[in-house]
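Reader: I'd like to learn how to read a structure like this one, feature by feature. Can you take me through it?

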Amino acid sequence: MDLQEGDQPPKPFSYMADGLTRKRDDIFTLNEWRDGMFHVEQLACAITYTTAETHEIVRSNLDKSPLYCGRIEGIGPRYCPSLEDKVVRFADKERHQLFLEPEGRHTDEYYINGCSTSLPFEVQFAFIRSIPGLEKAEIMRAGYAVEYDFSPPTQLHPTLETKRVGGLFFAGQLNGTSGYEEAAGQGLIAGINAARQVQGHAPLILRRDQAYIGVLIDDLVTKGTEEPYRMFTSRAEHRLLLRHDNAQKEAMLGAGSEHPVGLFGSLGHEVVDEDAETRTLLQTLKQDNQPWAHLLKRPEITWPDLPASFQTVDAEVASQLETEIKYEGYLRREQAHIERNRADEDRSIPDWIDFDVVPGLKAEARVKLKKIQPRTFGQAARISGINPTDVALLQVHTKRGKAAALSK
Ligand SMILES: Cc1cc2nc3c(=O)[nH]c(=O)nc-3n(C[C@H](O)[C@H](O)[C@H](O)COP(=O)(O)OP(=O)(O)OC[C@H]3O[C@@H](n4cnc5c(N)ncnc54)[C@H](O)[C@@H]3O)c2cc1C
């Protein structure tokens, strides 16, 4: 099998994971990791592939797979198909890649990623041993398939509170998603909003142009999902702005100044201060009468080419500034596009609106609006089946005012 090492140095999800990993271009030895922030030694994964024999064993036993013979009817996760699925749907492929992930530091067990299956144990045993590197493998626990229910996410407010039961917040697979990040992202928002509701604070709703979490939740509550939903960069229309390097700043801005301290750590504020100071320096310090902010736009000039005073800047701050400066033109165009749409996006649909009495709406539009209960005109426009005319009718009705609408 081929070894697959982890990233060197690893990139943490959080700015709170401070220390060694945040230095730019540094290579760390395992011992340095152990002594520093990363006490966790990274274990390598391994890659291997299925063979013609594996495929033959799977094919000749398909009638025994509940996923395949119709005993399980749910739609499987499209993006991680079972081995049965791969062998049948991609019959032209001679082999499929499998990742062996160590289960822990003190065990010989490996999780085989890419090999989900509901075939009987004997069949699994046979096909596992047909894979290079696994000829002598033992199976500790057989693979199995599960079918689970979910609660329609269109029954949720963007805060992740259900419309059905006040004060009850839902997150994760329960809302029809699949995936670790999808579950964690929703858990964060549901948890924050549950706490904020109890404290009497305004809810935290991240917009589609601020965060992938914003896209994920807006998609779920506005459109619902017919199959296990996964978040992809391609689902975000403003993905140029949604980057690893600016994620935390956007989250802090989205959270507002009264946001409970501690969620993102005090480090976040230091990062913001350093960011502002460095921006000023980039404009004032010059070479040949050209500010470094201009010079950095050139493809051949990167951060290490800057004078010594810039080299102590936090690596994340430097990376973000360099990205912003190099791609400034594209980012500005994207930002202008967002600003143009912002008016609709931010304009709330008042609570008093009764979709049943808005004149001119088609029956289908009424049903959809009543079901989703959009909070803003932007969200209303994204509901499938709602067209720009419906949104215009809603706007006219709103402009006429509550008194006029209710007196009808
Ligand atoms: C074999 C397998 C491999 C996967 N691989 C990946 C992968 O590589 N990458 C990826 O992103 N995703 C993967 N996923 C999907 C991912 O694991 C899930 O989508 C995610 O963990 C869902 O998180 P959750 O918090 O919504 O639900 P869960 O993690 O299922 O948490 C629900 C919790 O609720 C508890 N619970 C249930 N009922 C009750 C009750 N009545 N009272 C109290 N507690 C209760 C359960 O015990 C459980 O701990 C995989 C899933 C499986 C099954």
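Author: We'll go through the ligand site, then two helices, some loop residues and a few pairs. Keep in mind that this is a predicted model.

Reader: Fine. Which residues are around the ligand?

Author: The shell consists of Y111, G172, Q173, S178, G179, Y180, E181, A183 and R230. By class, that is 3 nonpolar, 4 polar and 2 charged residues.

Reader: Which helix gives the most to that shell?

Author: Helix α5, residues 180-199, does, with 3 residues.

Reader: What lies at short range from the ligand's oxygen atoms? I'd want distances.

Author: Look for N and O atoms within 3.5 Å, the cut-off for a polar contact. Two cases involve the backbone: a backbone N or O atom of Q173 sits 2.7 Å from a ligand oxygen, and a polar backbone atom of G179 is 2.8 Å from an oxygen of the ligand. From a side chain, R230 places a polar atom 2.9 Å from a ligand oxygen. As for cover, the ligand taken alone exposes 1,000 Å², and the protein buries 33% of that.

Reader: On to helices. How do I read one?

Author: Start with the general idea: an α-helix has 3.6 residues a turn, so residues three or four places apart point the same way. Now take helix α11, residues 328-346. Its buried residues are L331, E334, I338 and R342.

Reader: What about its length and its course?

Author: α11 has 19 residues and spans 25 Å from first C-alpha to last, close to the 27 Å expected at 1.5 Å a residue. Along the way, α11 bends by about 40° at R340.

Reader: And how does α10 compare with its own expected span?

Author: Helix α10 covers residues 315-326, 12 in number, and reaches 16 Å between its end C-alpha atoms, close to the expected 16 Å.

Reader: Why is α10 described as largely enclosed by the rest of the structure?

Author: Count the buried residues, meaning those under 20% relative accessible area. In α10, 10 of the 12 residues are buried, so the helix is largely enclosed by the rest of the structure. The list is A315, E316, V317, A318, Q320, L321, E322, T323, E324 and I325.

Reader: Now backbone angles. What should I look for in phi?

Author: The general idea is that most residues other than glycine have a negative phi. Here, D288 has a positive phi of about 50° although it is not a glycine, and N289 has one of about 70°, again without being a glycine.

Reader: Where do D288 and N289 lie?

Author: D288 is in the loop between β5 (286-287) and β6 (290-291), and N289 lies in the loop between β5 and β6 too.

Reader: Is D288 buried or exposed? And N289?

Author: D288 is exposed, because its relative accessible area is 72%. N289 also counts as exposed, at 67%.

Reader: Last topic: residues apart in sequence. How do I use C-alpha distances there?

Author: Put the gap along the chain beside the distance in space. L220 and G176 are 44 residues apart in sequence, yet their C-alpha atoms are 8.2 Å apart. L220 belongs to helix α6, residues 212-223, and counts as buried at 1% relative accessibility.

Reader: Which residue pairs with L281, and at what separation?

Author: F310 does: it is 29 residues away along the chain, with 8.5 Å between the C-alpha atoms. L281 is found in helix α8, residues 267-284, and is partly exposed, with a relative accessible area of 31%.

Reader: Do you have a pair that links back to α10?

Author: Try R298 and I325, which are 27 residues apart along the chain and 9.6 Å apart by C-alpha atoms. I325 is one of the buried residues in α10. R298 lies in the loop between α9 (292-295) and α10, and at 36% relative accessibility it counts as partly exposed.

Conventions:
Residues are numbered from 1 along each chain as its sequence is written. This is a predicted model: local features need pLDDT of at least 70, side-chain atom pairs count only at pLDDT 80 or more; totals for chains, interfaces and linings use all residues. Side-chain values use heavy atoms; hydrogens and water are left out. A residue is near a molecule or strand if one of its heavy atoms lies within 4 Å of it. A polar contact is a pair of N or O atoms within 3.5 Å; within protein, one must be able to donate a hydrogen and the other to accept it, and residues adjacent in sequence count only if both atoms are side-chain atoms. Accessible areas come from the Shrake-Rupley method with a 1.4 Å probe; for residues, only the protein chains shown count as cover. Helices (H or I, at least four residues) and strands (E, at least two) are DSSP runs, numbered from the N terminus. Ala, Val, Leu, Ile, Met, Phe, Trp, Tyr, Cys and Pro count as nonpolar, Asp, Glu, Lys and Arg as charged, and the others, Gly among them, as polar. The expected span of a helix is 1.5 Å times one less than its number of residues. The bend at a residue is the angle between axes fitted to the seven residues ending there and the seven starting there. Buried means under 20% relative accessible area, exposed over 50%, partly exposed in between (1.4 Å probe, protein chains only).
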